[in-house]
Amino acid sequence: MAYDAILEGKTGVMSALVDGRYDLVPIPEAQLGPRKLEVASTYNTERYRPSYANKRGLPIFLNRAW
């Protein structure tokens, strides 16, 4: 999708999942800073794996981000 955007001359966009579908969205403003997430509630730190419990209704890849 990013390559298609380049071919179409689109700038300032990135590939993303929106409502479970792939789409091109505006790149977030740099002054917003990096996204952060709570590692302890998102990952099983003893097994070095994601925690899969209690995910219903949360967005993919951005669970519990603030």
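Does V39 count as buried, partly exposed or exposed, and at what relative accessibility? In this predicted model, V39 counts as partly exposed, at 46% relative accessibility. The value falls between the 20% and 50% limits, so neither of the other two labels applies. V39 is found in helix 2, which covers residues 39–42. S51 is twelve residues away from V39 in sequence. In space, the C-alpha atoms of V39 and S51 are 9.8 Å apart.

The overall architecture comes next. The protein contains two helices and four strands. Read from the N terminus, the order of elements is α-β-β-α-β-β. The protein has 66 residues, and buried residues make up 8% of them. About 6,100 Å² of surface is exposed by the protein. Carbon and sulfur atoms supply 56% of that surface. Contacts across the sequence were also examined. Among contacts with a separation of 6 or more, 21% join residues 24 or more positions apart.

Strands 1 and 2 can be described together. Strand 1 spans residues 13–18, and strand 2 spans residues 21–26. The two strands pair in the antiparallel sense, over six bridges. Two cross-strand positions illustrate the pairing. V13 stands opposite P26 in strand 2. S15 stands opposite L24, also in strand 2. In a regular strand, side chains alternate between the two faces of the sheet. Strand 1 and strand 2 form a hairpin, with two residues between them. D19 lies in the turn and has a positive phi of about 55 degrees. Most residues other than glycine have a negative phi.

A positive phi also occurs at Y48. There the angle is about 55 degrees, although Y48 is not a glycine. Y48 sits in the loop between strand 3 (43–44) and strand 4 (49–50). Is Y48 buried or exposed? Y48 is exposed, with a relative accessible area of 75%. This value is over 50%, so Y48 meets the limit for an exposed residue.

The N-terminal residue connects with the hairpin. M1 lies in the segment before helix 1, which covers residues 2–7. M1 is partly exposed, and its relative accessible area is 40%. Which residues does M1 contact, leaving aside its neighbours within four places in sequence? The contacts are S15, Y22, D23 and L24. M1 and D23 are 22 residues apart in sequence. Their C-alpha atoms are 8.0 Å apart in space. S15 and L24, both in contact with M1, also stand opposite each other in the strand pairing.

M1 also takes part in a nonpolar surface patch. The patch is made by M1, L17 and Y22, and its area is about 330 Å². Y22 lies in strand 2. Y22 is exposed, with a relative accessible area of 65%. A patch residue needs over 30% relative accessible area. Y22 passes this limit because its value is 65%. M1 passes as well, because its value is 40%.

Charged side chains were considered last. How many salt bridges does the structure hold? The structure holds one. K10 forms this salt bridge with E8. The closest N and O atoms of K10 and E8 are 3.1 Å apart. This distance is within the 4 Å limit for a salt bridge. K10 counts as partly exposed, at 42% relative accessibility. E8 is exposed, with a relative accessible area of 53%. The value for E8 is over 50%, so E8 takes the exposed label. The value for K10 lies between 20% and 50%, so K10 takes the label of partly exposed.

Methods:
Residues numbered from 1 in each chain as written. Predicted model: local features only at pLDDT ≥ 70, side-chain atom pairs only at ≥ 80, totals over all residues. Heavy atoms only, no water. Patch = residues over 30% accessible without salt bridge, like charges linked within 9 Å, V, L, I, M, F, W, Y side chains within 5 Å. Areas by Shrake-Rupley, 256 points an atom, 1.4 Å probe, with all protein chains shown as cover. Salt bridge = Lys/Arg side-chain N within 4 Å of Asp/Glu carboxyl O. Buried < 20%, exposed > 50% of the residue type's maximum accessible area, 1.4 Å probe, protein only. Contact = heavy atoms within 4.5 Å. Pairing = 2+ DSSP bridges.
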